[in-house]
Each structure stands twice: as structure tokens, then as C-alpha cells.
Amino acid sequence: MEFLHKDNESDKPVAVVLTAKWGTECHILYIHSLCVPKLFKIMEELKVEPDSLAEYLLPSKSNRNLPYEAKAEGILFVGYPNLIDHTTICIGITWILDGNVDKNFIHSYQQLSKRLCHAISVEETRSRGLLQKEVESIVSATPKYSEEIYKNSFQVYFSETILTASSFARTLKDVYNQIWYTGLVHTFVNNNVELGFVLAQSIPEFTLNVPNIACRDINELMRRIRPYHTIVLMKDIMPSLDCSPLIDQLVRFLTPEKSFNTVATERGISIGQIFLTIRNLLTWVPCSIIYPICMNNVYTSSLDLNYSESLLQDIAKEYEGVNVYKIIAAFSPPCTLRDFLSNNSDENTGKYDLKSLFICLLKYRFIVQLHDYYVATLPFSDKKPLPPQDTQFYKDLQIFVNKHSTLTNDFTPFLLEIGVKLNEEQDYDLDKIKEIMLMFFNIVKNYNEPEHLEGIIFRTGLLRETVLRILDFFKDIVCSYCTTNLIP
């Protein structure tokens with residue numbers, strides 16, 4: 001299945017413009033667009049000439065090698081002007097965008113321009129004088145403007161003679177077309193430097209239910225990933241021969257059933273290395289972070305199902321005879337994987353494996369996992385704690401709670417009440433209650449932030465059974481709720 005760009009035409013680039021400044025010269029070298037009439041109309045409204053536009057797109061020396069963004073008449077110009085190493089030539093690869101474009105697109109196009117300029121720098125380092133020759137070839141190949149031949153002064157920069165003379169121009173045209181049609185760029189600059197790029201907002205048809213992760217959001221996402229998570233790739237990828245061996249290992253050994261921690265232990269790879277590789281994958285491969293598949297996990301059908309008919313047809317072909325809608329409906333209301341396999345054993349006809357089908361639907365987010373989150377909260381206002389007791393046990397417990405509690409003082413009377421009940425109903429002595437209290441304070445360390453059960457277990461190092469038992473003791477001041485995973 002191919003990548004498909006969003007249908008919204010306003011999200012696609014109006015044009016890409018290659019400009020250069022050297023010495024006192026500043027010119028447009030090449031323009032490519034798949035909506036030329038719209039571009040010409042924009043230039044007429046701006047009432048700007050080619051050389052004036054070139055000066056506008058290439059800022060002063062102090063602003064070079066920095067992201068560039070300018071807006072005029074509702075049109076955005078974005079790029080990353082770059083002074084190419086070993087030369088005095090400043091190159092600008094500018095994308096002309098609709099003014100209403102999503103702000104995340106701006107960052108993505110700036111990064112694409114930066115990568116293109118970096119590739120040109122690499123080529124210039126490899127073959128000194130190459131950029132100067134390219135610029136001279138383009139300038140000499142650019143037709144002279146004549147009102148009798150051209151309707152617009154910008155039209156000369158679309159000339160086929162420029163493409164014939166310059167490999168950089170041909171590369172730029174290729175990159176623009178790939179961005180327009182697929183959002184995925186894979187090309188070679190000057191037939192030598194490999195360039196790959198995924199426009200963050202390009203949604204593949206088969207990942208319509210996957211949250212859109214902008215490049216600038218990846219750092220925040222990485223902050224929330226833990227060693228007990230795993231990754232599901234939405235697309236089969238074939239790492240290139242010169243890629244890191246670690247990427248090849250992870251692609252082969254990471255499965256929905258193994259956590260990062262498990263793979264690190266089995267393959268002898270550090271968690272830090274795995275996280276760096278995962279961050280790399282998130283920038284260019286559609287994927288989803290999940291908790292490893294487990295029989296006791298609870299799953300439900302997606303609440304906001306944005307399905308693709310062609311994808312469902314492909315799934316039906318792969319799993320012959322399956323009723324996809326029936327399988328998805330089996331998770332409404334939510335149920336564990338064990339219950340699903342048990343209640344739908346008749347679906348295992350031998351033509352396909354039911355668990356494999358489940359993983360496929362989870363992969364494309366037709367089915368999502370539910371997780372338990374916990375947060376400390378005060379009881380309703382009409383519930384009053386027990387009055388203080390004039391006993392040594394109560395006084396000692398009060399001193400202990402005041403010293404060790406990680407919660408606000410409002411919780412103290414309710415903590416003391418729970419301690420008294422543990423003493424009276426469970427016959428726990430003061431030392432045992434103190435031990436339970438310490439574990440609870442560790443569990444609700446960030447009392448005002450909901451925390452995932454798996455996160456609590458990982459952070460505290462306690463067994464699942466122990467955590468659940470402690471939370472049950474303090475159920476009067478703990479709120480729990482079930483929701484889909486908060487990590488894309």
C-alpha cells in the first residue's frame with residue numbers, strides 16, 4: 001500500500017523556489033510548481049519582480065543558517081537559507097505555502113530545506129567548485145525574458161533547458177513531486193547523496209487511526225516512553241545497507257509481544273541505544289507505541305474509527321473468510337484478549353490465526369488497549385473523616401503521617417482514618433501500617449497527576465499484586481479510571 005497525502009489541497013506546497021546569492025548578485029535560479037496559474041496569480045497580487053523576490057527570500061548574513069518564515073498577502077514563504085561550506089554562495093530553497101496551512105507544516109518544510117542544503121554542502125565538500133558550476137550552468141541556460149514569448153516574468157524559471165543543465169534543479173523537481181503526491185521523499189542529490197524525508201503531516205491510508213506526530217512533538221513523546229513499552233510499525237520497512245545495525249536488529253526482533261526491556265535483555269542492547277533508535281524510527285516510519293500484548297490486557301474497538309475500505313479489503317484477502325466488522329464488534333464492550341480468544345474460538349477455522357488477526361487490527365488501531373490510571377483525590381464533601389482519637393496509637397500514627405506523607409494536609413485526617421481501620425479490621429500493628437503507608441506514599445508520589453498502573457509498577461519496583469492491594473487499602477482517597485493509552 002502506498003503513502004497517500006492528505007486530501008486538503010491547501011496543505012500542499014504551491015511551489016518550490018531555488019535562489020542563490022553570491023557577491024553582489026542575487027537571483028532566482030529555478031522554480032517548480034504543479035499549480036502554476038495559482039503561483040502566477042500570487043506573484044501578480046504581490047506585484048514583485050524575480051530579483052526583488054530573490055532578495056526577499058535570502059535574508060541578511062546574520063539570519064543565514066536559521067529557519068526562515070515570512071508572510072505576505074496570506075501566502076507563506078518558508079525555508080532554511082544556508083551558506084554552503086567552502087563557498088561564498090548562499091542557497092535558499094523556499095517553499096511557498098498557503099497562509100492557512102497547519103503550523104506544523106512550516107517546521108517540516110524548513111527541515112526539508114535544511115537537509116537539501118546540507119546534501120549540497122556534502123557534494124561541494126566532495127567536489128570543490130561543483131556548486132559554482134551548477135549556478136553558472138543554470139544562469140546560462142535560463143532564457144531571456146520577452147513579453148512576446150512569456151506571459152509572466154517568472155515563467156522563464158520553469159524552462160526545460162534549466163533541468164537539462166542542472167542536476168540540482170532536477171533533484172528539486174523530483175523532491176517537490178514526491179512531497180505533492182506522497183509526502184515521502186527518497187532521492188539522490190547529484191546521484192550521490194541519499195536523501196530521505198517524511199512530511200510529518202502526510203497520513204498514510206493505512207494509518208488513518210494513528211495520531212499525527214509532528215517533528216517538534218517527538219521530544220515530548222520520548223519523555224513519556226518507558227522500557228515496558230514496545231513499538232508497532234505500520235509499514236514493513238527494509239533498512240538500507242548502510243544503516244545502523246541496531247535499526248536492523250530492532251526491526252527484526254521488536255514485536256508487539258516484547259517490551260523494549262525484554263529485547264534489550266535478550267539482544268544485549270542498552271535501553272539508551274534502543275530509545276535513540278526508536279526516536280529515529282518515529283521521525284520517518286508511521287508507528288504506534290503500545291504496552292506489549294498480554295492475555296489479561298483489556299481492549300476495545302476504536303471510538304473514533306476512521307477506516308479505509310481498501311485496507312479492510314486487504315485484511316479480508318489476507319485472512320480469508322474473516323468478517324472484520326464482527327471481530328471489531330467483539331471488543332464492544334471491552335474485554336480481555338483471553339476472553340476474546342475463548343468466546344470466538346469458532347472463528348479459528350484453520351484459514352487464519354485469530355491472534356494474528358487481532359494483532360493486525362491492533363496494529364492499524366481498529367482495536368485499542370484500555371489502561372488503568374490512578375490519582376489521589378479527596379472524598380466527596382459530605383464524607384467526613386473520623387474524629388481524632390486520644391490514643392497512643394493514633395498519636396504515633398499522626399506523627400508518622402505528618403513526617404512522611406507526600407500528599408497535602410487535607411488528606412491527613414483520611415489517612416489516619418484508614419490507618420485506624422487497618423488496625424481494627426485487619427489487626428495490623430503500627431509497624432505494619434507504617435510499612436503500608438510508606439508504600440502508598442511512594443505510589444502516589446505525584447498525587448495531582450494521573451499515573452498509569454504499569455508506570456507505577458515500573459517506577460516503584462513493586463509487584464503488580466502488591467500495588468493493587470495497597471491501592472485497594474486506600475480506595476477512599478484514590479480515584480481510578482480506564483482509558484486508552486495516552487501515548488500515540
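This is a quick walk through one protein chain, with a closer look at a strand and a helix.

Okay, so first off, keep in mind that what we have here is a predicted model. The protein chain has 488 residues, and 52% of them are buried. On the secondary structure side, there are 19 helices and 15 strands. If you take contacts between residues at least 6 apart in sequence, 70% of those join residues at least 24 apart. And for the surface people: the accessible surface is about 24300 Å², with 49% of that belonging to carbon and sulfur atoms.

Now, the strand I wanted to show you is β4, residues 75-79. Five of its five residues are buried, so β4 is largely enclosed by the rest of the structure. That goes for both faces: you've got Ile-75, Phe-77 and Gly-79 on one side, and Leu-76 and Val-78 on the other.

So what does β4 pair with? One partner is β3, residues 68-72, antiparallel, over five bridges. In that pairing, Glu-69 sits opposite Val-78. The two strands make a hairpin with two residues in between, and Glu-73 in the turn has a positive phi of about 55°. Then there's β6, residues 90-98, which also runs antiparallel to β4, this time over four bridges. Here Leu-76 of β4 faces Leu-97 of β6.

Last stop, helix α14, residues 354-363. How many of its 10 residues are buried? Seven, so to speak, and the helix is mostly covered. Among them are Leu-354, Leu-357, Phe-358 and Cys-360, and Lys-363 is on that buried list too. Just past the end of α14, have a look at Arg-365, with a positive phi of about 60°.

How values were computed:
Residues numbered from 1 in each chain as written. Predicted model: local features only at pLDDT ≥ 70, side-chain atom pairs only at ≥ 80, totals over all residues. Heavy atoms only, no water. Buried < 20%, exposed > 50% of the residue type's maximum accessible area, 1.4 Å probe, protein only. Contact = heavy atoms within 4.5 Å. Areas by Shrake-Rupley, 256 points an atom, 1.4 Å probe, with all protein chains shown as cover. Pairing = 2+ DSSP bridges.
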